[in-house]
Amino acid sequence: MLEDIFKVVTKRFNDGDKEEYKPPMFKCPRCSQTSPLIRYEELHRVCPQCNYHGRLSAAERLAITVDKDSFREMYKDMKGTDPLEFPDYKEKQSELSDSIGINDAVVVGTATIKGTPVMLGIMDSRYMMGSMGSVVGEKITRAFEYATEKGLPVIMFTASGGARMQEGIVSLMQMAKTSGAVQLHSEAGGLYISVMTDPTTGGVTASFASLGDIIIAEPKVLIGFAGRRVIEGTIRQKLPEDFQLAEFMHEKGFVDMIVERRKLKSVLSHLLKLHGFYPQSASEKEV
Amino acid sequence: MGDKRTAWERLQIIHAKGRPTVKEYIPMIFTDFYEMHGDRLYGDDKAIIGGIGRLNGRPVTIIGEVKGRDINENKACNFAMPHPEGYRKALRLARQAEKFHRPIICFIDTPGAFCGVAAEERGQGEAIAKNIAEFTTLRTPIVSIVLGEGGSGGALALGVCDELAMLENAEYSVLSPRGFASILWKDASREQEASEIMRITAEDMVRFGVAEKIIPEPLGGAHNDLDKISENIHEYLSQKIPEKCKKDIDVLLKERYTKFRKIGAFIE
Ligand SMILES: [Zn+2]
């Protein structure tokens, strides 16, 4: 009853404003302030109020990170199956592949960054929260193995809610598989730069994301092992706002540097050169 | 092992009062055990016990997750939920084992890594990741045994090994069935249903290539006969440790990498 009256009142109220144009707005999950969506998009999904770096699709990340037309995607056709015969999992996989146009939560391949060749991996949180199942595990493992063989540096953009629950123990084992491949790449002298983006949590934090020689994070992104709600349930109190943000992990010593999106490409390029990885043509000239 | 228990029935057995813990097994299986303490960085985590001892006279390094037998013991060992310093202690002792050419025996029995403020501040994710990565290339044999609960990354931090054995009723899972039900269905009370769907039993682990061996438990479960279950574990280790020690270390490392490398379900 009361609800009905309320609806009528809001309807009348809204009718009055009909003429006024309301641009679509972005409400920031960090500072809760709203900004025009167009402004947020112009900044490549950075909150103009608090500098929170929002989530990008793999394609959007690729576009602002590598040299134009340099990306060669690998293992593109790999698709997950259903090891536990988990209810509705297959349907969910094909539905997502159709709607967002990628087969699972990571895209890997080679590219150049300001001319320097790299092996690149970009996770996409739109696919089941970027969770790590068999496909994510296998692609990342192959990426590191390929890089070890070719002497390429690896750059991984992580974005994940953790393990892929629907794959159970098989998902957990991907932590061992990926970390093992990172370890072999490292022992062979390879450079690995991990770039933590929103969110980097659970089994991905507890495996390859935390194993970078250099760990970079974007401002205000969520980084942690356990979920915030799980911890609040354990300690029975609310956690401070900044808990598990990039700045918190930086202060605690688990992130080397926080780099803004607009500067990231040039920082990566500098770090690559500092480790002796130069643009292809230049290094060929030297030889 | 003839009777087919459901995953749920097995979970009741591993949570039964009086189920033996690593502290009871150590004196039954090894001699000359000396416990070592601390990660040399922060502190000593009682959720993980580590030390050196002898298996049939051969020096070995022993690392295990500690469950309590009563509330006081559980308070001390935090219900077998380690903090980062626990995993770092394990890694320190594992590296020492490599240095002194001792095989490593890990006992897994944990609901998972501790989820708390201090654990996050000290890098729970990094600590687990480091163990998983470094155990891959430790140049000494590693055999792990899941005694009861193999809870997620907290178990895997002691679970990268040349061979994994499961006690007959033990489970190994990506998350507790309760947590699984609450995340996936927003209803923790459906944990029994989750336990059956998740495939967490010893047989499941062998089928997925996660475990190589099932160690039989006495009738009704390990708590019914500590002598017998200790004898079964001892018998397994007495055969497995010399076998792994005889192998060329480079071959062993290649096999260890491949053991995990081949797990996955995909098509292309
Ligand atoms: Zn904001």
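## Crossing of α2 and α11 in chain B

In this predicted model, helix α2(B) passes helix α11(B) in a right-handed crossing. Helix α2, covering residues 22-29 of chain B, and helix α11, covering residues 226-246 of chain B, pack at an angle of about 65 degrees, and their axes are 10 Å apart. Because angles from 65 to 115 degrees count as roughly perpendicular, α2(B) is described as roughly perpendicular to α11(B).

On the side of α2(B), the contact is made by B:Glu24, B:Tyr25, B:Met28 and B:Ile29, while α11(B) contributes B:Leu226, B:Ser230, B:Ile233, B:His234 and B:Leu237. Sorted by character, the residues of this contact between α2(B) and α11(B) comprise six nonpolar, two polar and one charged.

## The open sheet of chain A

Chain A holds an open sheet of seven strands with mixed pairing, in the order β3-β5-β6-β7-β8-β9-β10. The edges are occupied by β3 (72-74) and β10 (257-258) of chain A, each of which has a single partner strand, so one side of each is left without a neighbour in the sheet.

Within this part of chain A, strand β6 (residues 116-123) and strand β7 (residues 154-160) run parallel and are joined by four bridges. Along this pair, A:Ile122 stands opposite A:Phe157 in β7(A).

## A helix across the strands

Helix α10 of chain A, made up of residues 261-274, lies across β5 (106-113), β6, β7, β8 (192-200) and β9 (214-217) of chain A. Relative to β5(A), helix α10 of chain A runs at about 70 degrees.

Definitions and conventions
Residues are numbered from 1 along each chain as its sequence is written. Chains are lettered from A and ligands numbered from 1 in the order in which they are written. This is a predicted model: local features need pLDDT of at least 70, side-chain atom pairs count only at pLDDT 80 or more; totals for chains, interfaces and linings use all residues. Axes are lines fitted to C-alpha atoms, for helices over the stretch in contact, and angles run from 0 to 180 degrees between N-to-C directions. Helices (H or I, at least four residues) and strands (E, at least two) are DSSP runs, numbered from the N terminus. Angles under 35 degrees count as roughly parallel, over 145 as roughly antiparallel, 65 to 115 as roughly perpendicular and the rest as oblique. A crossing is left-handed if the near helix is turned anticlockwise from the far one by less than a right angle, and right-handed if clockwise. Two residues are in contact if their C-beta atoms, placed from the backbone, lie within 7 Å. Ala, Val, Leu, Ile, Met, Phe, Trp, Tyr, Cys and Pro count as nonpolar, Asp, Glu, Lys and Arg as charged, and the others, Gly among them, as polar. Two strands pair if DSSP finds at least two bridges between them.
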